[in-house]
Amino acid sequence: MANDFVHSKHSVKACLAKFPEKCKVLYYTSDEALDDLAPPKGLDLIFVGKNADLARQFGLRDYESHQGVVLELKEDLGDFLFRDVEDLLIRSSHSGKLVLWLPGIQDPHNLGAVIRSAVAFGQVEGIIIPAKKSVPLNATVAKTSAGTLFQMKFARYNSMTNTAKIIHSAGYQLLGVDRFDEALDITEARFLDFYPFVIAFGSEGSGMPRAIKEQCKHFVKIVQQAETEPLNLSVAVGITLFEIKRQLSTL
């Protein structure tokens, strides 16, 4: 799937509001589909009579419901949503919010769910993901995030080791979420003591990459009451962000 369009009402509405200058053409299947979208003046609107025709035009599968609207963009999502890691850390230092590092993210639905939690809890300035062998920012991520993709900042990298050095040089601690015995239970860890920090999550299958694990100063874990497979990444991120917010709200 190309990354130069978004579909479904939440995603389209969010993109129109946040990046109107990046929007090219809005395709719609009925007047009702345009309700509450508020397309900017001058944006081309093209009527497509059937939902199936619109889906076919953009290569959408049956399960990828576009809700009657598809917004074509002037450039790839990654071209205007990504920034440098250094820039993201500077913005984080100004806002006092933390940064997530997701080195093993592969599933667009997982990334969309992570973004939605990050925006909902309000403590995350941005998300770092790999430049290669990672899920791209695309229409599926935008829809799964319910449009919150456009409220989040992103950075991408090529080298884990160099990225860790940049994080440390900026005065940040690197905190890892992993399931080994020495890691602190997240309910016992004092997250305020770690600030400012970047928090890294491993993938469900292979866990934390060694190159990142070796650079982490602290580790926390989500204690599970039963021996099960590791938690879904988006679930682990949501639990961790909830605990951080809980701790900060008690200060």
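Modeller: Before we start, one definition: the expected span of a helix is 1.5 Å times one less than its number of residues. Keep in mind, too, that this is a predicted model.

Biologist: Happy to use that! What span should the 17 residues of H9 have?

Modeller: Let's apply the rule to helix H9, which covers residues 233–249. The C-alpha atoms at its ends lie 24 Å apart. That agrees with the span expected at 1.5 Å a residue, which is 24 Å.

Biologist: Nice. Which elements do the buried residues of H9 pack against?

Modeller: The helix has several buried residues, among them Leu233, Val237, Leu241 and Ile244. In general, an α-helix has 3.6 residues a turn, so residues three or four places apart point the same way. H9 lies across four strands, running at about 150° to E11. Its buried residues pack against E6, H5, E7, E9 and E11.

Biologist: Turning to the sheet, which strands stand at the edges?

Modeller: The open sheet has eight strands with parallel pairing, in the order E5-E8-E7-E6-E11-E9-E12-E10. An edge strand here has a single partner, so one side of it is left without a neighbour in the sheet. That description fits E5 (82–83) and E10 (184–185).

Biologist: And inside the sheet, which residue of E7 does valine 99 stand opposite?

Modeller: Strand E6 (residues 98–101) pairs with strand E7 (residues 124–130) in the parallel sense, over four bridges. Helix H5 (residues 108–121) lies across both of these strands and E8, at about 160° to E7. Across from valine 99 in E7 is glycine 126.

Biologist: Now the charges. Is glutamate 72 buried or exposed?

Modeller: Glutamate 72 forms a salt bridge with lysine 24, with the closest N and O atoms 3.7 Å apart. The pair joins strand E4 to strand E2, 48 residues apart in the chain. Lysine 24 is partly exposed at 42% relative accessibility. Glutamate 72 has 17%, and because buried means under 20%, glutamate 72 counts as buried.

Biologist: Which residues are linked with Asp87 in a network of salt bridges?

Modeller: Aspartate 87 meets arginine 83 at 3.3 Å, N to O. Aspartate 87 is partly exposed at 25%, and arginine 83 is partly exposed at 24%. The residues linked with Asp87 in the network are Arg83 and Arg91.

Biologist: Last one: how far apart, N to O, are arginine 190 and aspartate 193 in their salt bridge?

Modeller: Arginine 190 is exposed, with a relative accessible area of 53%. Its partner, aspartate 193, is partly exposed at 46%. Their side chains meet in a salt bridge with an N to O distance of 3.0 Å.

Notes:
Residues are numbered from 1 along each chain as its sequence is written. This is a predicted model: local features need pLDDT of at least 70, side-chain atom pairs count only at pLDDT 80 or more; totals for chains, interfaces and linings use all residues. Side-chain values use heavy atoms; hydrogens and water are left out. Two strands pair if DSSP finds at least two bridges between them. Helices (H or I, at least four residues) and strands (E, at least two) are DSSP runs, numbered from the N terminus. Contact means heavy atoms within 4.5 Å. Axes are lines fitted to C-alpha atoms, for helices over the stretch in contact, and angles run from 0 to 180 degrees between N-to-C directions. Buried means under 20% relative accessible area, exposed over 50%, partly exposed in between (1.4 Å probe, protein chains only). A salt bridge is a side-chain nitrogen of Lys or Arg within 4 Å of a carboxyl oxygen of Asp or Glu.
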